[in-house]
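I opened this entry to look up ring contacts and empty space. Here is the structure I worked from.

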Amino acid sequence: MNFAKQDVTFTSEGLNCKGWLYLPGGDESGKNPAIVMAHGFNAVKEMHLKSFAEKFAEEGFVVLVFDYRFIGESEGQPRQHVIPAEHHKDYRNAISWISNHDQVDANRIGIWGTGYSGAHVLHLAAIDSRVKAVVAQTPVVNGLKSARRLMRNDVFQGFVQNLSAYRLARYMGAEHQYVPVVAPEGDVSALPIPDAFDWFTETGNTVAPNWENRVTLESMEALLEYSPDSTIERISPTPLLMLVAESDQLATADFSIEAFHKAHEPKKLIILPGGHYSAYTDPGLSAFLPPQVEWFKEYLL
């Protein structure tokens, strides 16, 4: 194991974000490229992100993996508040923190995301010039399109009406309301597909006991407003690697491919077998991870 791992804390918007810092072996006086990573929709860092971080560290990268505010080990109220704009702030503060590390070359920083954070890194690469390479794994490129595909039209319209009523209730002082992230088929949830229920249930029970199966209703409203595909053409000249799962039911391949074609060079698209959660463990991990390593090595090392 040619790296060291530390528990670290950095501040974001006045609150503490908890993370893991991986330092590659070798000359500690040198400056290394760095990769900043966070998980997808309501997921915590314990949900298999170490498989990616360890490999990146073995290849010579300093790696920061963190939990957003309101999630996992990080601070913030209300809990399980999954708001893209707040996640963007956390990513950018994480970049600032890692840029100041004495083993990091601030001019060679990449960002990595998966699912919802795959969307975040698309957005950030388009607006933050400190980002020198980006990997977006199974990104959710348009929340509204994805929600419409997951719900019948009448269900979707009722969902929007409920969100409007909830916004008024919140204005009048009501408490935050929550919806389960996953639930058995037929029950209401934020991610209403069997793959999501199976993956979150399994990983929550086995590797991430601190994961909570709920998100605020504001999180769902924010999902409908989120469209990183609208700015993807601004990523260039930052090198973009997008990995798509051909049977993905959440971040469907057609939406991702359509968004990818809007981006300018340098870019690369890889389409692999499997569903939205296939990349985290083998056999999917062995297919998804190697091209990511090579992308970061090409553009950061």
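My notes on rings, charges over rings, the cavity and the pocket follow.

**Entry 1: aromatic pairs**

I am working on a predicted model. I began with the rings and counted 19 aromatic pairs in the structure. I then picked out Phe-200 and Trp-211. Their ring centres lie 5.0 Å apart, with 25 degrees between the planes. Planes under 30 degrees apart count as stacked, so this pair is stacked. I checked where the two residues sit in the chain. Phe-200 belongs to helix α6, residues 194-206. Trp-211 is in the loop between α6 and β8 (215-216), 11 residues apart from Phe-200. I looked up exposure as well: both Phe-200 and Trp-211 are buried.

Which residues do ring pairs link into a cluster with Phe-200 and Trp-211? I found Phe-52, Trp-112, Trp-199, Tyr-277 and Tyr-280 in that cluster.

**Entry 2: charges over rings**

I turned to Lys and Arg. Lys-5 has its charged end over the ring of Trp-20, 3.9 Å from the ring centre. I also noted Arg-214 over the face of Tyr-178, with 4.1 Å to the ring centre.

**Entry 3: the cavity**

I searched the whole structure for enclosed space. One cavity of 30 Å³ or more came up. The volume of the largest cavity is about 240 Å³. I listed 22 lining residues for it. Nearest its centre are Phe-41, Val-140, Leu-191, Leu-250 and His-276. I asked which elements give two or more residues to this lining. They are α4 (143-150), α6 and α7 (217-224). α4 gives the largest share, three residues. Helix α6 was already in my notes as the home of Phe-200.

What classes of residue line the largest cavity? I counted 16 nonpolar and six polar residues, and no charged ones.

**Entry 4: the pocket**

Last, I looked at open space. The largest pocket holds about 450 Å³. Its lining has 20 residues, and Met-151, Val-155, Phe-159, Val-188 and Ser-189 are the closest to its centre. I then went through the elements. At least two lining residues come from each of α5 (153-171), β7 (178-179) and α7. The largest share is that of α5, with five residues. I met α7 in the cavity lining too.

By class, I found 13 nonpolar, five polar and two charged residues around the largest pocket. The lining of the largest cavity, as noted above, has no charged residues.

Methods
Residues are numbered from 1 along each chain as its sequence is written. This is a predicted model: local features need pLDDT of at least 70, side-chain atom pairs count only at pLDDT 80 or more; totals for chains, interfaces and linings use all residues. Side-chain values use heavy atoms; hydrogens and water are left out. Rings of Phe, Tyr and Trp (its six-membered ring) pair if their centres lie within 6.5 Å; planes under 30 degrees apart count as stacked, over 60 as edge-to-face and the rest as tilted. Helices (H or I, at least four residues) and strands (E, at least two) are DSSP runs, numbered from the N terminus. Buried means under 20% relative accessible area, exposed over 50%, partly exposed in between (1.4 Å probe, protein chains only). A charge sits over a ring if NZ of Lys or CZ of Arg is within 6 Å of the ring centre and within 35 degrees of the ring normal. On a 1 Å grid over the protein atoms alone, a cavity is a set of points where a 1.4 Å probe fits but cannot get out, and a pocket is an open set with protein on both sides within 12 Å along at least five of seven lines; lining residues have an atom within 4 Å of a point. Grid points are joined across faces, edges and corners, and a volume is the space filled by probe spheres set on the points. Ala, Val, Leu, Ile, Met, Phe, Trp, Tyr, Cys and Pro count as nonpolar, Asp, Glu, Lys and Arg as charged, and the others, Gly among them, as polar.
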